[in-house]
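This report goes through one protein model, from its fold to its side-chain contacts. Please keep the sequence and the coordinates at hand while reading.

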Amino acid sequence: MANTEAPVRFTESAKANLLPLVQEGKMPEPFIRVGMKGGTCGGTYVLGFDSKTEFDEEYVIDEIPLLIDRRQLLFVLGTEIDFEARANGFYLHKPLTV
């Protein structure tokens with residue numbers, strides 16, 4: 001069952017590039033995965049297609065099925081997923097909070 005509170009957000013540009021894949025059934029795996037690789041302090045964000053594991057929390061954000069490993073949730077909380085063609089596609093960043 002999907003959670004209702006969104007831990008990450010998609011920009012309009014990211015949604016415009018992901019929704020057609022979802023709606024047309026063209027995703028290579030059933031979910032988009034957001035996470036960290038290489039450790040949480042010095043690691044990098046991960047964005048890709050994946051299947052659900054026992055450690056995952058499932059979300060549906062703006063009609064996009066999303067997985068986050070619950071062990072990494074704290075580190076990706078508040079992340080914004082954007083798309084810019086000139087930036088070679090999708091990128092993730094965590095806006096500063098005051």
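The text below covers the fold, the sheet around one strand, the ring contacts, the surface and the salt bridges.

**Fold**

The structure is a predicted model. Its protein chain contains two helices and seven strands. Along the sequence these elements follow the pattern β-α-β-β-β-β-α-β-β. Of the 98 residues in the protein chain, 35% are buried.

**The sheet with β1, β6 and β7**

Three strands make up an open sheet in the order β1-β6-β7, and the pairing is mixed. The edges are taken by β1 and β7, each of which has a single partner strand, so one side of each has no neighbour in the sheet.

Strand β1 (residues 9-10) and β6 run parallel and are joined by two bridges. On this side, Arg9 stands opposite Glu80 in β6, and Phe10 has Ile81 of β6 as its bridge partner.

The other pairing is antiparallel: five bridges join β6 to strand β7 (residues 89-93). These two strands form a hairpin with four residues between them. In the turn, Asn88 has a positive phi of about 65 degrees. Across the hairpin, Phe83 stands opposite Phe90 in β7.

Strand β6 (residues 80-84) is mostly covered, with four of its five residues buried. Glu84, by contrast, is partly exposed, because its relative accessible area is 22% and buried means under 20%.

**Ring contacts**

How many aromatic pairs does the model contain? The count comes to one aromatic pair. The pair consists of Phe83 and Phe90, with 4.9 Å centre to centre and 65 degrees between the planes. Its geometry is edge-to-face, because planes over 60 degrees apart fall into that class. The two residues of this pair are also the ones that stand opposite each other in the hairpin, Phe83 facing Phe90 in β7. Phe90 is partly exposed, with a relative accessible area of 31%.

A charged side chain also meets a ring. Arg71 lies over the face of Phe55, at 3.8 Å from the ring centre.

**Helix α2 and the loop before it**

Leu74, Phe75 and Leu77 form a nonpolar patch on the surface, and together they have about 290 Å² of accessible area. Of these, Phe75 lies in helix α2 (residues 73-76). Phe75 is partly exposed, at a relative accessible area of 33%. That value lets Phe75 take part in the patch, because patch residues need over 30% relative accessible area.

Arg70 is found in the loop between β5 (64-69) and α2. With 41% relative accessibility, Arg70 counts as partly exposed. The C-alpha atoms of Arg70 and Gly35 are separated by 9.5 Å, although the two residues are 35 residues apart along the chain.

**Salt bridges**

A search of the whole structure finds 10 salt bridges. The table lists three of them.

| Salt bridge | Closest N to O distance |
|---|---|
| Lys15 and Glu12 | 2.8 Å |
| Arg33 and Asp56 | 2.7 Å |
| Glu84 and Arg86 | 3.2 Å |

Lys15 and Glu12 both belong to helix α1 (residues 12-23), where they are three residues apart, about one turn of the helix. Are these two residues buried or exposed? Lys15 counts as buried, at 14% relative accessibility, whereas Glu12 counts as exposed, at 60%. The contact between them is part of a network of salt bridges that links Glu12, Lys15 and Asp62.

The salt bridge of Arg33 with Asp56 has its closest N and O atoms 2.7 Å apart. Arg33 lies in strand β2 (residues 31-37) and Asp56 in strand β4 (residues 56-61), so this pair ties together parts that are 23 residues apart in sequence. Both Arg33 and Asp56 are buried.

The remaining entry in the table joins Glu84 to Arg86. Here Glu84 is partly exposed, at a relative accessible area of 22%, and Arg86 is exposed, at 75%.

Conventions:
Residues are numbered from 1 along each chain as its sequence is written. This is a predicted model: local features need pLDDT of at least 70, side-chain atom pairs count only at pLDDT 80 or more; totals for chains, interfaces and linings use all residues. Side-chain values use heavy atoms; hydrogens and water are left out. Rings of Phe, Tyr and Trp (its six-membered ring) pair if their centres lie within 6.5 Å; planes under 30 degrees apart count as stacked, over 60 as edge-to-face and the rest as tilted. Buried means under 20% relative accessible area, exposed over 50%, partly exposed in between (1.4 Å probe, protein chains only). A charge sits over a ring if NZ of Lys or CZ of Arg is within 6 Å of the ring centre and within 35 degrees of the ring normal. Patches are made of residues with over 30% relative accessible area and no salt bridge: like charges are joined within 9 Å, nonpolar side chains (Val, Leu, Ile, Met, Phe, Trp, Tyr) within 5 Å. Accessible areas come from the Shrake-Rupley method with a 1.4 Å probe; for residues, only the protein chains shown count as cover. A salt bridge is a side-chain nitrogen of Lys or Arg within 4 Å of a carboxyl oxygen of Asp or Glu. Two strands pair if DSSP finds at least two bridges between them.
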